[in-house]
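Dear colleague,

Please find below the structure I promised to hand over, together with its sequence. My notes on what was found in it follow.

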Protein chains: 4
Amino acid sequence: MIIVMKPDHTKEDVLNIINKLEDFGLRAHLSEGEHRTIIGAIGDERKLQEVPFLSFPGVEEVHPILKPYKLVSREFKSENTRISLNGNVFGDKKIQVIAGPCAVEGREILEEIADELSSLGVPFIRGGAFKPRTSPYSFQGLGEKALKYLAKVREKTGMMVVTELMDPRDAVLVAKYADIIQIGTRNMQNFRLLTEVGNIDKPVILKRGFSATIKEFLMSAEYIVSEGNEKVILCERGIRTFETETRNTLDISAVPLLKQLTHLPVIVDPSHAVGRVDLVPPVAKAAVAAGADGLLIEVHTRPESALSDGAQSLRPNAFKKLMDELKLIAEAVGREI
Amino acid sequence: MIIVMKPDHTKEDVLNIINKLEDFGLRAHLSEGEHRTIIGAIGDERKLQEVPFLSFPGVEEVHPILKPYKLVSREFKSENTRISLNGNVFGDKKIQVIAGPCAVEGREILEEIADELSSLGVPFIRGGAFKPRTSPYSFQGLGEKALKYLAKVREKTGMMVVTELMDPRDAVLVAKYADIIQIGTRNMQNFRLLTEVGNIDKPVILKRGFSATIKEFLMSAEYIVSEGNEKVILCERGIRTFETETRNTLDISAVPLLKQLTHLPVIVDPSHAVGRVDLVPPVAKAAVAAGADGLLIEVHTRPESALSDGAQSLRPNAFKKLMDELKLIAEAVGREI
Amino acid sequence: MIIVMKPDHTKEDVLNIINKLEDFGLRAHLSEGEHRTIIGAIGDERKLQEVPFLSFPGVEEVHPILKPYKLVSREFKSENTRISLNGNVFGDKKIQVIAGPCAVEGREILEEIADELSSLGVPFIRGGAFKPRTSPYSFQGLGEKALKYLAKVREKTGMMVVTELMDPRDAVLVAKYADIIQIGTRNMQNFRLLTEVGNIDKPVILKRGFSATIKEFLMSAEYIVSEGNEKVILCERGIRTFETETRNTLDISAVPLLKQLTHLPVIVDPSHAVGRVDLVPPVAKAAVAAGADGLLIEVHTRPESALSDGAQSLRPNAFKKLMDELKLIAEAVGREI
Amino acid sequence: MIIVMKPDHTKEDVLNIINKLEDFGLRAHLSEGEHRTIIGAIGDERKLQEVPFLSFPGVEEVHPILKPYKLVSREFKSENTRISLNGNVFGDKKIQVIAGPCAVEGREILEEIADELSSLGVPFIRGGAFKPRTSPYSFQGLGEKALKYLAKVREKTGMMVVTELMDPRDAVLVAKYADIIQIGTRNMQNFRLLTEVGNIDKPVILKRGFSATIKEFLMSAEYIVSEGNEKVILCERGIRTFETETRNTLDISAVPLLKQLTHLPVIVDPSHAVGRVDLVPPVAKAAVAAGADGLLIEVHTRPESALSDGAQSLRPNAFKKLMDELKLIAEAVGREI
């Protein structure tokens, strides 16, 4: 940590800070420049996260130097974390695909969708049993009934189940049915929920908050890993910007940046990023070209009747076409799908 | 709802939509212009929230006309909702002030702060027992111990307690000690938590998500009110923008806009908006001038030792000075404080 | 245009609007719903752009239906605009590459860079003679001298010259030397400059303003085309968001969206979008996968001595490697590069 | 400037940077911490603005310490800059008011508006002769004719004229008629225009770019001042955010922040910030409460016929009411209006 003093600081101000650093077991390194005096903190600056140096007399600016996350960083662990489910590995050469409806709306329709996906060889089915909806009057999900339908699909097709947890009280229930637990964008900083899944022995897909910085995203992953669950899959799904033509703006550079900063697998959800079925394929292709380890795509056999997010769900034939195209791009970047 | 058809739509596309509208009990009103055909939905369009018209063949654009919230709207209830606690009313002429530390850090320090505030006549003390922190390594709050300290302060000073709930499992516990329950910015769309406080008979301060639109903010309030709890106080606390000099950007126009759209009281938290103690006073003044019904201000007797947000906490003397200045502005806009 | 009336509007309010519409040669179509009265404007609503219906008594909301741009829209012209320079076509199967330093810093260094690019078969060289710099103390470009160096490079290597115009007074000068005139992100809404290049018979690369919506971007293109110059190449170069790890956030979905809305070619500048050399290659790949018609990439032989944007300039060997990789992706999406 | 080295840097990497610093006449100060090696640059770091240290081998992060602007900073000049026009001073106790239509639409309507404002004692009239419009099909202003009408108004009423310059080629013309030259939000980084008004001996109102940071805003002011014109008035007018209910989001904290960072006067334009006439008064009040030195308000006698921005123009009676209310708030903060 670098603490920059105001031009009019006093010697006492500096002493004050040096003492504080020493209280926390760090040493101070003083550098008096022509324009500014600078104090460097030597030692583990993470201990200083709580100290409001900005409110100390004489302080102008504070620059943290170390990244605030540790366990999830490449510095801590240089090789890729590989998360394997029945031989399907996230974080390896093969790009994993998760597809399915936004919400589980009924047994028949779920099976109809699953049959299509299964016949295309998709290993993971997604479908919400509990739905975080902006409106209290919108469809909130079928709850445990939906989880049971998903389990049935697994039994029948062998597909593994990805479903969202939005309440710590449902953790045991969801973990019982899910192969991968999803934490949604609005819950990325629901820290109690993160702690909860940190104590479950199942892989977790953590979606980036639609207004979370990369740093905050990694800090949320750190919550889960620091509780003991290292099987975290990061999912970029678009951020909120001023642009209104698309639902969100996919931060495509987040993919290579995350791959650089962390050892965790990084997947992309093009469907929620753009919110429009016509833009899902080109954005999915971009994600693969940029190095994503997986894709999370909404597919529905009858999008016009979907109870949630129909406007962004691909029909099976469009999805099949996309998969064929993605295969070529995956190969072009030395991957497979 | 207005549905705009593409120039190349077919008659069947239009029929398809008319049928769908009728399925939901609405009527269609067709208008064929020179450039576009437009279908208006007549009836309660809120029923259509789930229908993904954008994925229907031939559809170009969809414009909702009705606001998606109802119970919280001025249209539904024109007079101000007044929330009274021991004669201190939110939503009335008098501007209510809530002050205190970000987190309850210990009994002595809390009492020290409370004594200062109490002597200034502040009716509400704030202090977090459960703290949502970006880092798992940061101070997470003292939990029930903190709630007990707050209750002690109430007993001793008569100040009422405002404290945050961040986990539905703590709802009963927090409700037992709090006079007003606070829902933090990161939980504005934690819908399970909203449902939970919708079923508690205590006033709720709902903080705007730092990236929530006004519409989403009101939809979250609608969640609480639709469960039966009408005592919701909205709190503008800054939104995330590209500017980095301040922690967030206070959306000052949100105050009069919310007062126009809803009957609920609207308060402002200048401390979290700016994140810097030097900017809290001018922004607090602006909030009062713009019509805020209350203020939520961080005050700490020893900000340099605060375990959370020390950089934005006013010392008691600065707070006292601010209160004196706010008094004049409140009068200038026909209010009191 | 759809005008939504407030619940408490009067008949006079409606009449008032109908009269106004008729003044502008449009007809009104009235639709009285259960909750709202809606007035549709029939005719060319672009004539209404100046009418502030929101300030009319009784009006609640105004929704434009027609897009505000015309000449640049796919609706106006469905086939791709192809802009050809010596057989190198923007808007065709082949993806065009423009590379070079941010600024022209001297004759020797420019020639050194050009030789590298030329040997790789890059058809277009970029280099700023006039530099829009945030600081008045930064290098502002060599002016005409730089233009002459660029011309020399063209003479020697056959590469065509892309360079920025930032002042209408330099238009004749720049047009004399440039093969393609670039309008920078900060000048996307410098309407006088747009008008100026609208009257020059040279292709124009119009960079998206870093905070411009897609609609505003297309309106700026409309400025140029409406003056008579149809040779406009749109360039997505990242937008400003809350994320600070990258210089800007590349809006990858803008590529397919623009291709859908307009017939103009769309290229991508990954260098300015990310501002970091390590992220340029993955983002460039994503752009090609998403359907870009070209790339604008900063290349420098000695980035550590560059007078502008050195941190985002690829060295020739990294650029060569990228081109090889892009070739495979281009093929995977049915293009060539 | 602080340069943070990667954990795996070499001694050569460090030497390389030390040499570079010395090339620019600065000294290096090395600090080897437990986790990172840090190099501090001692001397005038502004000389280093062009050096892309991030592209040097072994470098992880670069933190500038000095602010990039100088002449406009409080550090350079601690007392307020006072800009006086006929005894009306910007930057003093009295809050200055500039009012008038967005654009000059004709002689009669301008005089009608001016008469109203003049009778209320408003010292400055605004009105655009050259209008930067998003659409090429919108009213672009009456040009010199409008300037002449404004001059007539000055002659008749004694009001001083504020009008926008958008093209360096019009600088002499506009300077001939204007008392204060306005640079619009879209031209805040039109550096040639800034240089131009830096050489004119007239006060300049510099509007903040709607996506400019405070730093960039001050750098643009630095452009003007560094050319010799110290009479710059900064104008906060709202920034672009994700919120769509208002045209822009007024950054209220920018007012006290700018007053702290610079000696230049700071005014606020509430009309463009909110874009809705109903929100202009509360936001104008907030601006005064937050410490603004002036206000720029759109007033029109017939907003429904305005050729530009009618939806945000106050009628004279609403403006008069606002002025009465502002008087009280100004007094409450120790100012007058």
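How many residues does the contact take from chain C and from chain A? The model is a predicted one, and in it the contact takes 34 residues from each of the two, chain C and chain A. On the chain C side of this contact, α7 (254-261), α9 (280-289) and α10 each supply at least two residues. The most comes from α9(C), which gives 6 residues to the side that touches chain A. By class, this side of chain C has 20 nonpolar, 9 polar and 5 charged residues.

The packing of one helix pair between chains A and C deserves a separate note. Helix α10 (residues 316-332) of chain A packs against helix α10 (residues 316-332) of chain C at an angle of about 170 degrees, and their axes are 8 Å apart. Since angles over 145 degrees count as roughly antiparallel, α10(A) and α10(C) are therefore roughly antiparallel to each other. In this pair, Leu328(A), Ile329(A) and Ala332(A) meet Leu328(C), Ile329(C) and Ala332(C). The residues of this contact comprise 6 nonpolar, no polar and no charged.

Chain C is also in contact with chain D: 43 residues of chain D meet 42 residues of chain C. On the chain D side, α5 (191-198) and α6 (214-226) each supply at least two residues. The largest share of that side, 5 residues, comes from α6(D). Its composition is 19 nonpolar, 12 polar and 12 charged residues.

Turning to the interior, the largest nonpolar core has 194 residues, of which Val283(A) and Val283(C) touch the most other members. Leaving aside residues up to four places away in sequence, Val283(A) touches Leu250(A), Pro270(A), Ala273(A) and Val274(A), as well as Ile252(C), Ser253(C) and Ala290(C). A second, separate core of 193 residues includes Ala311(B), Phe130(D), Phe191(D) and Leu258(D).

Finally, chain D holds an open sheet of 4 strands with antiparallel pairing, in the order β2-β3-β1-β4. Its edges are formed by β2 (27-32) and β4 (59-63), each with a single partner strand, so one side of each is left without a neighbour in the sheet. On average, and with direction ignored, neighbouring strands are turned by 20 degrees against each other. Within this chain, β1 (residues 2-5) and β3 (residues 37-42) pair in the antiparallel sense over 3 bridges. Ile3(D) stands opposite Ile39(D) in β3(D).

With kind regards

Conventions
Residues numbered from 1 in each chain as written. Chains lettered and ligands numbered in written order. Predicted model: local features only at pLDDT ≥ 70, side-chain atom pairs only at ≥ 80, totals over all residues. Contact = placed C-beta atoms within 7 Å. Nonpolar A, V, L, I, M, F, W, Y, C, P; charged D, E, K, R; others polar. Axes fitted to C-alpha atoms, helices over the stretch in contact; angles between N-to-C directions. Parallel < 35°, antiparallel > 145°, perpendicular 65-115°, else oblique. Core = buried A, V, L, I, M, F, W, Y, C linked by C-beta atoms within 7 Å. Buried ≥ 20, exposed ≤ 12 C-beta atoms within 10 Å, placed from the backbone. Pairing = 2+ DSSP bridges.
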